[in-house]
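Biologist: I am new to this structure and would love a close look at one part of it. Could you walk me through it?

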Amino acid sequence: MNTEARIQGIKVTALAEEFGTPLFVYDAEVLEDTYRRLRKLLPEAVDVFYSLKANPNISVCAYLGAQGAGAEVSSHTELVTALRAGVAPKDIIFLGPGKDPQELAACADAGIHAVVCESLEEVQQLDDLVRGSGATEPFPVLLRVNPSFGTKGSGLAMGGKPRQFGIDEEEIHRAGQTLTGLRHVRIKGIHAYMGTRFLNHTDVVHNTASILAMADELADRLDIPLETVDFGGGLGVAYFENEEDLDLDALGAGVRAVVAPFTERHPHCRLIMELGRFLTAEAGTYVVRARYVKQSRGEWFVVADGGTNHHMAAVGIGSFVKRNFPVTHLGHPTDTPARSYTVTGPLCTPNDVVAKKVPLPQVSPGDLLGVGRSGAYGPTASPGLFLSHGFPAEVLIHRGKPRLVRERDTTEDMLAKQHLVDLSAEE
């Protein structure tokens, strides 16, 4: 009986033969199911925006946009990606602590929903830029607030402490005179993002309630409208042993309970939940081929053709103990494990460990291994230029048909932007 792994009925071995390895494969059915289930559980007043930083592939962005997701972008290229993917400008916000004037100008030219300003200086800079452009209408702005309250349950806290993100809540309390002096931007609401990788729905509900209450207070204090409130999101995905995925039913019920009284007070306020990892992680598989299987002082190693240069998230950055993403022997996914293997990539560094001592069926050179839940923070968060291996191909499977959505880097691609200068003439 052939039990080799399939995605939408397609053997992964066939994908590897057609597109080569290493390879990222994205399952459009999983993308759609993830988005639609969450959309069904959230209040109608809450819009879901996709954070392109998790996976900026233009086809992934376009597919989620076609399902109804907006876009949260943090660079000029991400802005252009979202626009070319078909996301309407009214459904795009731009945030980030270090925007340059060209990025601000591009946002104004595109007419996006709002720029999320992360300092009062940035608000003033945007005001000056719009004035100089000769625009006849003020440009919409959300103020990103670093709240005075903290949170728990986050894999990476981004608010409630000294941070480069946002304006301290205490500073905003004193900013009324500065904000009333603006003529060319219009403050239309509040943004706050407490952290990421939340796996307990009660933490997300607590954050949502706290941010909505803070937005109410700041709007009253500063006499600004609440046309939009972005309360972040940061929904996590269970990667490791002893972790469990979010209880989405409980999450939906909790968010509905705290959003309902807010929308009664502000029936025309647009609420935004921004999500990246949650929407794409489960849909992706990183496929590598074993080149060598070797034993070193009693420990078995699989040396594969791809590693942390494509999937730095699997290293476990910020963790004191290495924990493994789910790894599968794609040729024999249901077989009983034969032994534990440490799976590495081809890099000349001991840190190139994709999975440490993971139980697998017997692995031989040429076998395919898959790192699951790899649809987020793969190539986008990895050192693809290290050792000049370049980035892998990416494939999106839609309705049983694989489509190449990113070509593999070639040697010529890697060298095309470099310049070999003749220094001998200067001697």
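Which exposed residues does the face of H6 turned away from its buried side carry?

Modeller: Happy to help, and please keep in mind that this is a predicted model. The face you ask about carries Glu-121 and Gly-132, both exposed.

Let me build up the rest of the helix around that answer. H6 runs over residues 120-133, and its 14 residues should span 20 Å at 1.5 Å a residue; the end C-alpha atoms are indeed 20 Å apart, so expectation and model agree.

Now for the other side. The buried residues of H6 are Leu-120, Glu-122, Val-123, Leu-126, Asp-127 and Val-130. Around the axis they take up an arc of only 155°, which means that they sit on the same side of H6. A general rule helps in reading such a pattern: an α-helix has 3.6 residues a turn, so residues three or four places apart point the same way. You can follow this on your screen by looking along the helix, with Leu-126 and Val-130 among the buried residues and Glu-121 on the face turned away from them.

It is also worth glancing at what comes after the helix. Just past the end of H6, Gly-134 takes a positive phi of about 80°.

To sum up, H6 has the span expected for its 14 residues, its buried residues lie on the same side, and Glu-121 and Gly-132 are exposed on the face turned away from that side.

Methods
Residues are numbered from 1 along each chain as its sequence is written. This is a predicted model: local features need pLDDT of at least 70, side-chain atom pairs count only at pLDDT 80 or more; totals for chains, interfaces and linings use all residues. Side-chain values use heavy atoms; hydrogens and water are left out. Helices (H or I, at least four residues) and strands (E, at least two) are DSSP runs, numbered from the N terminus. The expected span of a helix is 1.5 Å times one less than its number of residues. Buried means under 20% relative accessible area, exposed over 50%, partly exposed in between (1.4 Å probe, protein chains only). The arc is that of the directions from the helix axis to the C-beta atoms.
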